[in-house]
Amino acid sequence: MIATLFLTTLLALFPGTDAAHVFSATGDEWLSYDASTNTVTFELIASPFTFNGYRNGEATLLVPPKANIVINFVNKDGTPHSALLISGDGPIPSSPSDPAIPRAYTNKAMEGLPQEATDVMRFPVPISGTYRIVCGVPGHGLSGMWIWLKIDPTAKQPAFGPTK
Ligand SMILES: [Cu+2]
């Protein structure tokens, strides 16, 4: 309830925010999968201190082992944001800079990309592991701008939604 009120307040403050995306429950609209190449394509939408309407690890992108990940990042907020993949262990760094997997970061990871800017991250994942997708702008991750990316060794397809 508090989270809902918080989001409602954010929406009131930022009328450009896409309410349909913020309140989507399934994530299917953001996700596609090519089984023949084990390629997961995900639309990662930065809004005010959220990714796809989620913050603080509230959402998880589950992917099959050894998947090729294509993340289409777009910033829908007036504040610059970015994305990079960090380890799933330990505290969120105040200024995350080292991606856990090579190439798993957007342009201007530290400075942030401006509103409506896009970038594509392409990287393979190993056979297992837990990571976080975090905004690289100093302080944003600590403010809650991150979600989980987990490799499920038994997954036959990806899934995105509230963290279980
Ligand atoms: Cu940010």
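Strand E4 is largely enclosed by the rest of the structure, because 5 of its 5 residues are buried. Buried here means that 20 or more other C-beta atoms lie within 10 Å of the residue's own, exposed means 12 or fewer, and partly exposed is in between, with C-beta atoms placed from the backbone. Strands are DSSP runs of E with at least two residues, helices are runs of H or I with at least four, and both are numbered from the N terminus.

A quick word on the source: this is a predicted model, where local features need pLDDT of at least 70, side-chain atom pairs count only at pLDDT 80 or more, and totals for chains, interfaces and linings use all residues. Residues are numbered from 1 along each chain as its sequence is written.

Back to E4 (59-63). Ala59, Leu61 and Val63 point one way from the strand, while Thr60 and Leu62 point the other way, and all are buried.

E4 belongs to an open sheet of 5 strands, ordered E6-E8-E9-E4-E10 with mixed pairing. At the edges sit E6 (84-87) and E10 (159-162), each pairing on one side only. Neighbouring strands in this sheet are turned by 30 degrees against each other on average, direction ignored; the axes behind that angle are lines fitted to C-alpha atoms, for helices over the stretch in contact, and angles run from 0 to 180 degrees between N-to-C directions. Two strands count as paired if DSSP finds at least two bridges between them.

Here are three of the pairings:

| Strands | Sense | Bridges | Residue pair |
|---|---|---|---|
| E4 and E10 | antiparallel | 4 bridges | Ala59 and Pro162 |
| E4 and E9 | parallel | 4 bridges | Leu62 and Lys150 |
| E8 (129-134) and E9 (146-151) | antiparallel | 6 bridges | Ile133 and Ile147 |

Just ahead of E4 is Glu58, in the loop between E3 (50-51) and E4. Glu58 is partly exposed, because it has 18 other C-beta atoms within 10 Å. Leaving out residues up to four places away in sequence, Glu58 touches Pro162 and Thr163; a contact means that C-beta atoms, placed from the backbone, lie within 7 Å. Glu58 and Gly144 are 86 residues apart in sequence, with 9.6 Å from C-alpha to C-alpha.

Now the whole chain. It has 2 helices and 10 strands, with the order α-α-β-β-β-β-β-β-β-β-β-β from the N terminus on. Of the 164 residues, 37% are buried. Among contacts between residues at least 6 apart in sequence, 73% join residues at least 24 apart.

Terms used:
Contact = placed C-beta atoms within 7 Å.
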